[in-house]
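Hi,

Here's the structure I said I'd pass along. Have a look when you get a minute, and my notes are underneath.

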Amino acid sequence: MEGVILNGREFLIAAWSLSLALLIAYTAVVNIELRRVRRQITRSSPKPP
Amino acid sequence: MSRKSFAWEHALGILGALLFCLGSYLGLVVAPPEKYMGDVGRILYIHVPTAWIALVTFSVAFVVAIGSLWRRTPRWDDVLAGALETGTVLTAMLLIQGSLWAKPTWGVYWVWDPRLTTSAILLVAFIAVLALRRFVEDPQRRAVWSAVATIMAYVDVPIVYFSIKWWRTMHQTFSTPETVAASMKLPLRLNAFALLFIAIWLIVRRARLSQLQRLRLTPTSTPTDSARPTLVAGDRADRSTAVGESAVSA
């Protein structure tokens with residue numbers, strides 16, 4: 001059990017960081033894509049005379 | 001999209017992020033280490049809320065899939081896309097956290113335990129639903145097929161939840177206020193609400209993305225925030241507008 005406690009922190013940090021990385025990566029992809037599509041639609045829209 | 005709904009959506013995301021920071025601080029710094037596992041036991045404060053919210057998100061997907069089949073309008077499918085992807089990301093997080101917790105406590109990253117196996121099946125099933133969505137190009141057919149596939153994949157959710165009750169398992173029992181120490185409750189609750197708010201924010205953002213992608217494919221549409229989907233034909237277009245307003249307040 002001592003070994004478990006000694007090695008615990010690395011696994012703790014790895015679990016939190018990987019989870020956050022995955023969550024942030026997905027958030028970034030969705031938001032960047034949303035902005036890109038919005039820009040495309042704005043560009044292709046007919047301009048007022 | 002109106003200014004009001006825009007503010008509401010981001011306010012929820014910001015609130016989720018703040019709660020997550022606070023819950024993480026309490027879980028990682030303030031709460032005492034777990035009696036038997038030491039510091040590694042602090043994975044609990046992210047692992048358990050992730051599990052709760054992943055199952056809640058798939059439950060939302062299940063309800064939206066039924067709604068999508070019933071109403072046959074594209075905006076239900078937009079929300080379904082958001083719930084499916086968010087639930088899948090949360091389940092992937094869950095399995096990563098679980099494996100990293102298993103190594104120092106059980107000695108291995110993975111065992112074919114009922115809870116772990118059913119959770120892995122859940123991830124694979126919903127990845128398959130997402131893959132199916134990519135393969136079907138016709139929007140109406142994609143909506144029907146992915147709704148049916150979601151309902152089929154959802155069968156695994158109650159199995160995951162009750163697996164620790166139905167079978168002999170290495171996994172710990174349900175984490176409820178009765179089974180955790182008083183000092184663990186607050187960080188657990190804060191992170192659960194944080195992930196819930198973040199999940200709602202992600203579902204809404206992803207639904208908006210689907211809506212705009214559909215709009216992009218229809219050159220007759222105007223790029224206003226309150227734009228209506230025009231891919232649907234006949235009287236369904238009117239229904240989509242009415243339902244869409246309640247499904248995603250755009």
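Below is what turned up in chain B, starting with confidence and then going from the overall fold to single residues.

First, the caveat: this is a predicted model. The scores are ipTM 0.82 and pTM 0.83. For chain B the mean pLDDT is 83, with 83% of the residues at 70 or more. The stretch to watch is residues 221-250 of chain B, where the pLDDT is below 50. That stretch still has 57 contacts in the model beyond near neighbours in sequence, in case you plan to use any of them.

On to the fold. Chain B has eight helices and zero strands, so you can read the pattern straight off as α-α-α-α-α-α-α-α. Of its 250 residues, 52% count as buried. Looking at contacts in chain B with a separation of 6 or more, 77% are between residues 24 or more positions apart. The accessible surface of the chain comes to about 12000 Å², and carbon and sulfur atoms account for 67% of that.

Helix α7 of chain B deserves a look. It covers residues 182-216, which is 35 residues, and spans 52 Å from the first C-alpha to the last, close to the 51 Å expected at 1.5 Å a residue. α7(B) is also mostly covered, with 25 of its 35 residues buried. One residue to pick out in this helix is Arg208(B). Is Arg208(B) buried or exposed? Its relative accessible area is 2%, so Arg208(B) is buried, the cut-off being under 20%. The C-alpha of Arg208(B) is 7.3 Å from that of Asp78(B), although the two are 130 residues apart along the chain.

Then there's a backbone oddity. Most residues other than glycine have a negative phi. Arg72(B) is not a glycine, yet its phi is positive, about 50°. You'll find Arg72(B) in the loop between α2 (44-71) and α3 (74-106) of chain B. With a relative accessibility of 42%, Arg72(B) counts as partly exposed.

Last one, on the surface: Tyr25(B), Leu28(B), Val29(B) and Val30(B) make up a nonpolar patch, with about 370 Å² of accessible area together. Val30(B) belongs to helix α1 of chain B, which runs over residues 3-30. Val30(B) itself is partly exposed, at a relative accessible area of 48%.

Cheers

Technical notes
Residues numbered from 1 in each chain as written. Chains lettered and ligands numbered in written order. Predicted model: local features only at pLDDT ≥ 70, side-chain atom pairs only at ≥ 80, totals over all residues. Heavy atoms only, no water. Patch = residues over 30% accessible without salt bridge, like charges linked within 9 Å, V, L, I, M, F, W, Y side chains within 5 Å. Areas by Shrake-Rupley, 256 points an atom, 1.4 Å probe, with all protein chains shown as cover. Salt bridge = Lys/Arg side-chain N within 4 Å of Asp/Glu carboxyl O. Helix = DSSP H or I, 4+ residues; strand = E, 2+ residues; numbered from the N terminus. Buried < 20%, exposed > 50% of the residue type's maximum accessible area, 1.4 Å probe, protein only. Expected span 1.5 Å × (residues − 1). pLDDT = per-residue confidence, 0-100. Contact = heavy atoms within 4.5 Å.
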